[in-house]
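Let's take a walk through this one together. Keep the structure open beside you and turn it as we go.

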Amino acid sequence: MTPTYADYQRHLHHQIHCLIGESRFDGVIVVDDRSFVAVQHDLRRLLHPHTAR
């Protein structure tokens, strides 16, 4: 990873957290140290109401 890309990632991380703080998203999934399956479950739960039946 180049220093430029690392700076970009830090800036993106900061901007996303700013948007979350402003409640700009309908749903937010916090990953932390959770398993992929747990995160996937939350994602499916958030998206389910928006899918065709």
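Start with the aromatic rings: the count comes to one aromatic pair. Its members are Tyr 5 and Tyr 8, whose ring centres sit 5.8 Å apart with the planes at 35°, so the pair is tilted. That label follows from the cut-offs, because planes under 30 degrees apart count as stacked and those over 60 as edge-to-face. Bear in mind as you look that this is a predicted model.

Why do these two tyrosines end up about one helical turn from each other? Tyr 5 and Tyr 8 are three residues apart in helix H1, and that puts about one helical turn between them. Are their side chains buried or exposed, or something in between? Tyr 5 comes out as partly exposed, at 42% relative accessibility. Tyr 8 gets the label partly exposed too, with a value of 47%.

Now follow the helix that carries them. H1 covers residues 3-21, which is 19 residues, and it reaches 27 Å from the first C-alpha to the last, close to the 27 Å expected at 1.5 Å a residue. Towards the other end of your walk along H1 you meet Ile 20, which has its place in this helix. Ile 20 is partly exposed, at 30% relative accessibility. Its C-alpha is separated from that of Met 1 by 26 Å, with the two positions 19 residues apart along the chain.

Those residues turn up again on the surface. Met 1, Tyr 5, Tyr 8, Leu 12, Ile 16, Ile 20, Phe 25, Val 28 and Val 30 form a nonpolar patch there, and together they have about 870 Å² of accessible area. So the tilted tyrosine pair belongs to this patch.

H1 also holds a charged pair. Asp 7 forms a salt bridge with Arg 10, and the closest N and O atoms are 2.4 Å apart. Here again the spacing is three residues within H1, so about one helical turn separates Asp 7 and Arg 10. Asp 7 is partly exposed, with a relative accessible area of 44%, while Arg 10 counts as exposed at 52%. As a general point, side chains of opposite charge can pair when their charged atoms come close.

How many salt bridges does the structure hold? There are four. Another of them joins the side chains of Arg 24 and Glu 22, at 3.2 Å from N to O. Arg 24 is exposed, at 56% relative accessibility.

Next, step off the end of H1 into the loop. Ser 23 comes just after H1 and takes a positive phi of about 55°, although it is not a glycine. This serine has its place in the loop between H1 and helix H2, residues 36-47. Ser 23 is exposed, with a relative accessible area of 62%. Asp 32 lies in the loop between H1 and H2 as well. It has a positive phi of about 45° and is not a glycine either. Asp 32 is exposed, with a relative accessible area of 63%.

Move on to Arg 34, and you are back among the charged pairs. Arg 34 forms a salt bridge with Asp 42, with 2.7 Å between the closest N and O atoms. Salt bridges that share partners join Arg 34, Asp 42 and Arg 45 into one network. Which of the labels does Asp 42 get, buried or exposed? At 16% relative accessibility, Asp 42 counts as buried, because that label applies under 20%. Arg 34 is partly exposed, with a relative accessible area of 34%.

Finally, zoom out to the whole chain. The protein chain has two helices and zero strands. Of its 53 residues, 6% count as buried. The chain exposes about 5,100 Å², and carbon and sulfur atoms supply 58% of that area. Its C-alpha atoms fill a box of roughly 45 × 25 × 20 Å along the principal axes. The radius of gyration is 15 Å, whereas a compact globule of 53 residues would have one near 10 Å.

Definitions and conventions. Residues are numbered from 1 along each chain as its sequence is written. This is a predicted model: local features need pLDDT of at least 70, side-chain atom pairs count only at pLDDT 80 or more; totals for chains, interfaces and linings use all residues. Side-chain values use heavy atoms; hydrogens and water are left out. Helices (H or I, at least four residues) and strands (E, at least two) are DSSP runs, numbered from the N terminus. The expected span of a helix is 1.5 Å times one less than its number of residues. Rings of Phe, Tyr and Trp (its six-membered ring) pair if their centres lie within 6.5 Å; planes under 30 degrees apart count as stacked, over 60 as edge-to-face and the rest as tilted. Buried means under 20% relative accessible area, exposed over 50%, partly exposed in between (1.4 Å probe, protein chains only). Patches are made of residues with over 30% relative accessible area and no salt bridge: like charges are joined within 9 Å, nonpolar side chains (Val, Leu, Ile, Met, Phe, Trp, Tyr) within 5 Å. Accessible areas come from the Shrake-Rupley method with a 1.4 Å probe; for residues, only the protein chains shown count as cover. The radius of gyration is taken over C-alpha atoms; the globule rule is 2.2 Å times the number of residues to the power 0.38.
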